There are 2 protein chains.
Amino acid sequence: MTLPLKNDRLLRALLRQPVDVTPVWIMRQAGRYLPEYREVREKAGDFMTLCRTPELACEVTLQPLRRFRLDAAILFSDILTIPDAMGLGLYFADGEGPRFRNPVRTAADIGKLGVPDPEHELKYVMDAVRLIRKELNGGVPLIGFAGSPWTLATYMVEGCGGTEFACVKKLMFDEPATLHRLLDVLARSVTAYLNAQIAAGVQAVMVFDTWGGALTPRDYKEFSLRYMQQIVHGLTREADGRKLPVILFTKNGGQWLEGMAASGCDALGIDWTTDLKDARARVGNKVALQGNMDPAVLYASPERIRAEVGTILEGYGQGSGLVFNLGHGIHQHVDPDKVTVLVEAVHEQSRKYHS
Amino acid sequence: MTLPLKNDRLLRALLRQPVDVTPVWIMRQAGRYLPEYREVREKAGDFMTLCRTPELACEVTLQPLRRFRLDAAILFSDILTIPDAMGLGLYFADGEGPRFRNPVRTAADIGKLGVPDPEHELKYVMDAVRLIRKELNGGVPLIGFAGSPWTLATYMVEGCGGTEFACVKKLMFDEPATLHRLLDVLARSVTAYLNAQIAAGVQAVMVFDTWGGALTPRDYKEFSLRYMQQIVHGLTREADGRKLPVILFTKNGGQWLEGMAASGCDALGIDWTTDLKDARARVGNKVALQGNMDPAVLYASPERIRAEVGTILEGYGQGSGLVFNLGHGIHQHVDPDKVTVLVEAVHEQSRKYHS
């Protein structure tokens, strides 16, 4: 038997239903800017141990909720758990970001990849979801997530994060059918993974397309958006007797909002390079929006942070359909007290837009 | 007495005057992908010696023109020569990009900065321009360039290139007047520097705004575009008895083309995340366009490169006003023979759009 949510602002705003104030959460809210996170991280030894140990993943997921009056929790995990479960050997080189021991480069490599069973190879994620839901005790909703197929493919083919995408784009240009095979197995894997998260208890899901913005508009549609759409159509869209919202976020995707809004998702993540008022005008009543404060505003004074919150709320304007967030993950060197300022400012200043 | 240009396609296309075929040049065409460049670079010892020695800068500027039928030369130099001339102490840490020994962080630091005299502190650049013009012997035009004030300011305040811009954005949010003082001295310095390049012989100029795309639309207008506009209005717009074209390029600026086109410049650099047909429709007859092939296409087969050239030319459509280029600098690991394929394909396939 599921407890009714005490705070369901996030779910309501994502579905453009009335709310009392604008909900707020922060990408990477469980992360290195929090001393209590760094402490757990140090004890765990390495990042993947944190992800793979449900008690630790649960603990760091809940940490920011103890400090700030956030309207959502987001599962602590990594977008690369799927390729890791496929056998690519994820590891984190010190200060260098994620890497794979066994990148996939050829049709033969790709042909061998199967869809991981989420309750087997990725059971540690589902166990974390179940534990977090229990600990949240109906306070705020829990967001689940996955990387987009294109974003996962870039890491899997390059073997690391990159800026030039030499290998994956060579594959895209010279052997598009091979890349499509990889993207298809990834789309099926992400769908199964997110559906398992939903079954385990997440109440909204977000797909992170970190590298879609490195494509031409044509290639974005063919190699990234198409597979996110396939995922959207394959997801269980109900949980706890209510509609489960799906958020798509393509970093640097501000030029393509119309296409994303037509994918069947409920909300779009917006980074700070797009004006929120323009974004709302462009997507109309199709989807809610989530964003879009420049993460660097959190280096500024409390007064400046409050002013910026006001500008963004005013840009979106009257009515529901906005989830306040940063336009990208919070930076490591931000003072946590600035987050308090931000969260309080969103709740205080947004009331007048929901009368 | 100046020789008339044998090949003036570039200048004509930038001013939207009729041409026989679409001109083509490549950002970073003098660079590490060429073995003959790596040889000179190794002999010089370090990158700044190459920039500071006119004979070497001239030699590497001319190298790509010996291999490829390019329609322009671009001065070999670096966007950070101006802050270096201001006394910030530019150096290149191995594999880490440019850094400054003395970043500027405070109003006091910024108050001490003066406009460098281009024929004194930056005489090595002007000597290179004069030598290259002489060696080009009227073959193709020479493009001069500088970094945008915002882009220079990010390096000067951060002390290095970055992705988070913590220091420069903190300044922007908390002490905007101080940042405006820095941007103003930079705009005056860039104007003097480009005018000196023009006096020394460059026949077109380009302003590189590498980091403008990291701003919100509002901050882009106030802290980047405004100062590029100040530069455009301060430039000598005639050389050798003809109009001298000015190109503005904001990487990831695809959402802001209308504002850039209204700055008074003649052409906009376009990266590959914007569709060229859409870009042309948006800027109308205000400006020419330069771009916009994904640099990663040069990893693909010759057939695929030719097909992509065809798609871009068809996207732009009939008539003058396009300068073919990549959407960003050529990558280091590209095979130079692919550039031959590209250049030949542009000339061959574009003839039909200029009948």
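Helices (H or I, at least four residues) and strands (E, at least two) are taken here as DSSP runs, numbered from the N terminus. The structure is a predicted model, in which local features need pLDDT of at least 70 and side-chain atom pairs count only at pLDDT 80 or more, while totals for chains, interfaces and linings use all residues. Residues are numbered from 1 along each chain as its sequence is written, and chains are lettered from A and ligands numbered from 1 in the order in which they are written. The points below take up the pairing of the chains, then the sheet, one helix and some backbone details.

**How the two chains meet**

- Chain A and chain B each bring 26 residues to the contact between them, where two residues are in contact if their C-beta atoms, placed from the backbone, lie within 7 Å.
- On the side of chain B that touches chain A, the most is given by helix α9 (residues 166-174) of chain B, which supplies five residues.
- That side of chain B is made up of nine nonpolar, ten polar and seven charged residues, where Ala, Val, Leu, Ile, Met, Phe, Trp, Tyr, Cys and Pro count as nonpolar, Asp, Glu, Lys and Arg as charged, and the others, Gly among them, as polar.
- Chain B is superposed on chain A by a rotation of 180 degrees with 0.0 Å of shift along its axis, at an RMSD of 0.0 Å, the fit being made by least squares on the C-alpha atoms of residues with pLDDT of at least 70 in both copies.
- The two copies are therefore related as by a two-fold rotation axis.
- Within chain B, the C-alpha nearest this axis belongs to B:Gln255, at 3.2 Å from it.
- Both copies use the same surface, since 100% of the contact residues of chain B recur in chain A.

**The sheet of chain B**

- In chain B, seven strands form an open sheet with parallel pairing, and their order is β1-β4-β5-β8-β9-β10-β11; two strands pair if DSSP finds at least two bridges between them.
- The edge strands of this sheet are β1 (73-74) and β11 of chain B, each of which pairs on one side only.
- Strand β1(B) pairs in the parallel sense with strand β4 (residues 142-147) of chain B over two bridges, and B:Ala73 has B:Leu142 as its bridge partner in β4(B).

**Helix α15 of chain B**

- Helix α15 (residues 336-350) of chain B has 15 residues and spans 22 Å from its first C-alpha to its last, close to the 21 Å expected at 1.5 Å a residue, a value found as 1.5 Å times one less than the number of residues.
- Its buried residues are B:Val339, B:Val341, B:Leu342, B:Val343, B:Ala345, B:Val346 and B:Ser350, where a residue is buried if 20 or more other C-beta atoms, placed from the backbone, lie within 10 Å of its own, exposed if 12 or fewer, and partly exposed in between.
- Among the elements that cover these buried residues are α14 (302-316) and β11 (322-326) of chain B.

**Backbone details**

- A cis peptide bond, with omega about -10 degrees, joins A:Gly291 and A:Asn292, and A:Asn292 lies in strand β10 (residues 288-293) of chain A.
- In chain B, a cis peptide bond with omega about -10 degrees joins B:Gly291 and B:Asn292, and B:Asn292 lies in strand β10 (residues 288-293) of chain B.
- B:Arg16, which is not a glycine, has a positive phi near 55 degrees, and this residue is found in the loop between α1 (9-14) and α2 (35-44) of chain B.
- B:Arg16 counts as partly exposed because it has 19 C-beta neighbours inside 10 Å.
- B:Arg28 has a positive phi of about 60 degrees although it is not a glycine, and B:Arg28 is found in the loop between α1 and α2 of chain B.
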